[in-house]
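Please look through the sequence and the structure below, and keep both at hand while you read.

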Amino acid sequence: MVNAMEWQQEQKRLDLVIEGLHSKIAELEPEVAGLHDQLADIRKRFWEEVTVNTSTDEDFEETFYSIKQQEALLSERERSHRQRMQRWKSMKRLLPSPYFGRMDFQEDGLSFDEQIYIGVASFVDADGMSFLVYDWRTPIASMYYDCSPGVSGYEAPSGQITGTMMMKRQYQIRDGQLHNVFDTSLTIGDELLQQVLGKGADSQMKSIVATIQKEQNAIIRNDKSRMLIVQGAAGSGKTSAALQRVAYLLYKHRDRLKADQIVLFSPNPMFNSYVSTVLPELGEENMQQTTFQEYLSYWLASTFRLEDPFEQIEYVLTTTSSQGYEARLKGIQYKASEAFLHAIQSYALWLGTEGMLFRGVRFRDRELITAEQVKLQFYSYDSSIRLANRVVLLREWLLRELTSLERQEQEAHWVQDELDYLDNEQYADAYSMLIKKYRQEEAVFDFTKQYLEAYGDFRDKEQGEENVFDFNMQEEELLRRMVVKENFKPLRRDAKRFKFIDVIGLYDQLFSDATVYRKMTNETAIPELWPEICRQTKEKLSRLELFYEDATPFLYLQELVEGARTNTEVRHLFIDEGQDYSPFQYLFLKRLFPRARMTVLGDFGQAIFTQATNLHEADSPLIRLYGEDETSLIRLVRSYRSTREIVEFTRLILPGEEIVPFERSGRKPCLLRAGNNQERAKRIIEDLVALKAEGFDSIAVITKTEAESREAYDALMTQGCDALKLITKDTLTFEKVTTVIPAYLAKGVEFDAVLIYDASSQTYYRESERKLFYTACTRAMHRLLLYTTGDWTPFIQTDFLG
Ligand SMILES: Nc1ncnc2c1ncn2[C@@H]1O[C@H](COP(=O)(O)OP(=O)(O)OP(=O)(O)O)[C@@H](O)[C@H]1O
């Protein structure tokens, strides 16, 4: 705490800044409101200002330039409106708490020091000469997070600046009033952090700009490497750092980076809602948020019933003794690997010489073009042309074939039948369609001449006898063409979409017996239980279903054959819970976003999926993705979420995991054994009531699986529990209530209190369940309670029993 005089000086300065903010806001307000009206007015009068005259070429040109000029004026006004609006908004945001930090810095070579106040936006004094508040993202502010008083420096755009930091101070300001002032030394105020972390969990994640730690700042400001990997213990602030990093990038590159050029891949849709308020709180627009499953569904859900990762994990957790279980697990591992991706690449090369599978073109129960014809045509192309390019040539050929078949088809009986049954209205529709088409496509319309004649006739008739059609030969020919064209449309559309390639067949063919597989792919390390893996995959495909582990390889093969889809707009890709993605998926994402830098945040200690990727080992596929030179790896070991007691408990679950508690004390985790299920439910309800009475309102009963969640929910409701929410994979919003949730859906989020519904040896026993148990327990911020009706899981250290 500072002394009374310093406090007074600080309050005085704060008052001055607030006064300055008020007067700037008042000054901008009418301007902002006026600009808004002006813009609305310009838009409204846009056409009044433009003289539209297209009688001659000159008039047309003049009209064109007049419109362009108006457009330019409008966009200039809009730009300046946006800028003023942004300044106005940032000042409004500063008003209740203009800054949270200060450092006094004397630059080498200067004889005075500068007081640098840091807040969520910059604010300059009335003359515009000096900064009253520096945005936390400015280069100079980085010192606040990185250095302690003494020799310090920062990287300015002009180069390295060095000097001495005389002091560093933190503030808590609410509604314009100073509540606390701390002088800090090494880290950013343990006191303040204690206070922030001691608070209850929220339904939305909060910004951490006032208390960013040095190692987190390194993540936020890393702008050098193509790939940034963050391996961080549970609760170490990976997601928080990622979100502040987005805000930092948007600030640093504000002239060329837009929020929609940044994509965040989240573990589930509920997580999207959990993190969605951080950036707006910092005055930035949200980046695009999605899940990998959403991407897969976009491309595959119209063809297949797609398994999602949660169904996959449910299978892995619950059907351990089912037939084919081991093979499925081996299959998941293999299909997640780089080896499988390379096998598919080799397979695509092999398909360039043989083995391609095509579908013929069928029309009204007739085969117009056989699959064999398509295949012959395909292999007639020069084999040095890439597979996907040959497929494009094939498509052009097919479209040409369809054009000539269309012509032949006009004489077919079915065409006459259709014409006979056209009613007057359809005739009229047909004509007006022709007219419209003619107007739109005058230049490309195939039979302009005939059309013009027909149109002339039609117009004459329209003006003369109403609705009487003289169905002469010329018109009939036109209508025939139109009818056939209409019927051929789906064929053309299918051809354009490469439907003539049997991709399902190609993927199915890949799962042939080991000798054939080796021949097609050059693969030497075929996984164990390959025949069973093949059988399972083929069986699924035959039902038009796709395992989660097959979805990305299927899309990859499809792209090798049909041409890659890439998104070149996206510049930054953020992947949270990065350990849950397979090496295969990473290679796929790299290809999908060729111009993006990647930030991957994860914790191998929470790798609960079979296809997990180790993020930080020297031989990690992630490090290979862009190569060591283009990759930075940052480790976070301090956990900010949980109390020391909870961290000490969870650390024993995963002995190898590096995790250091932040010094915040609480109660030891409680282990509670009940005689039976009913007793357990009663005990949980009592505990829920007590926890709520203590002031905790974000509480989760965490289970291993969805089935256990339902069981727990029913048991608790039957015993009279009220206001309980069952979370499933379809839940979209994260609410601050008492929830029952499977561990794999609780990833990434946190609760004041966590109750592990069944911590018995029956539920968590196999080694593969250790990380799931760890993930569940590490969701707790203040309280952790574990229940069983039998023996405790072996993952709990016996020291805690008793
Ligand atoms: N520097 C910080 N200042 C204040 N709070 C922090 C800081 N770093 C992290 N926290 C808090 O710690 C908690 C955990 O942070 P976060 O969810 O970002 O961690 P994580 O590493 O993504 O966790 P997990 O992998 O277990 O999901 C959050 O409540 C966050 O606000």
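The paragraphs that follow turn to the ligand and then to the largest cavity.

This is a predicted model, in which local features need pLDDT of at least 70 and side-chain atom pairs count only at pLDDT 80 or more, while totals for chains, interfaces and linings use all residues. Residues are numbered from 1 along each chain as its sequence is written, and side-chain values use heavy atoms, with hydrogens and water left out.

Around the ligand stand 23 residues, each with a heavy atom within 4 Å of it, and the closest are Thr211, Lys238, Ser240, Arg641 and Glu750. α6 (238-252) is one of the helices that each supply at least two residues of this shell, a helix here being a DSSP run of H or I with at least four residues, numbered from the N terminus. With three residues, α6 gives the largest share of the shell. An oxygen atom of the ligand lies 2.7 Å from an N or O atom in the side chain of Ser240, which fits the rule for a polar contact, a pair of N or O atoms within 3.5 Å.

The largest cavity, on a 1 Å grid over the protein atoms alone a set of points where a 1.4 Å probe fits but cannot get out, has a volume of about 80 Å³, taken as the space filled by probe spheres set on the points. Residues that line this cavity, having an atom within 4 Å of a point, include Ile332, Tyr548 and Gln611. α22 gives the most to this lining, with four residues.

Methods: Polar contact = N/O pair within 3.5 Å; in protein donor to acceptor, adjacent residues only side chain to side chain. 1 Å grid on protein atoms, 1.4 Å probe; cavity = no way out; pocket = protein on both sides within 12 Å on 5 of 7 lines; lining within 4 Å.
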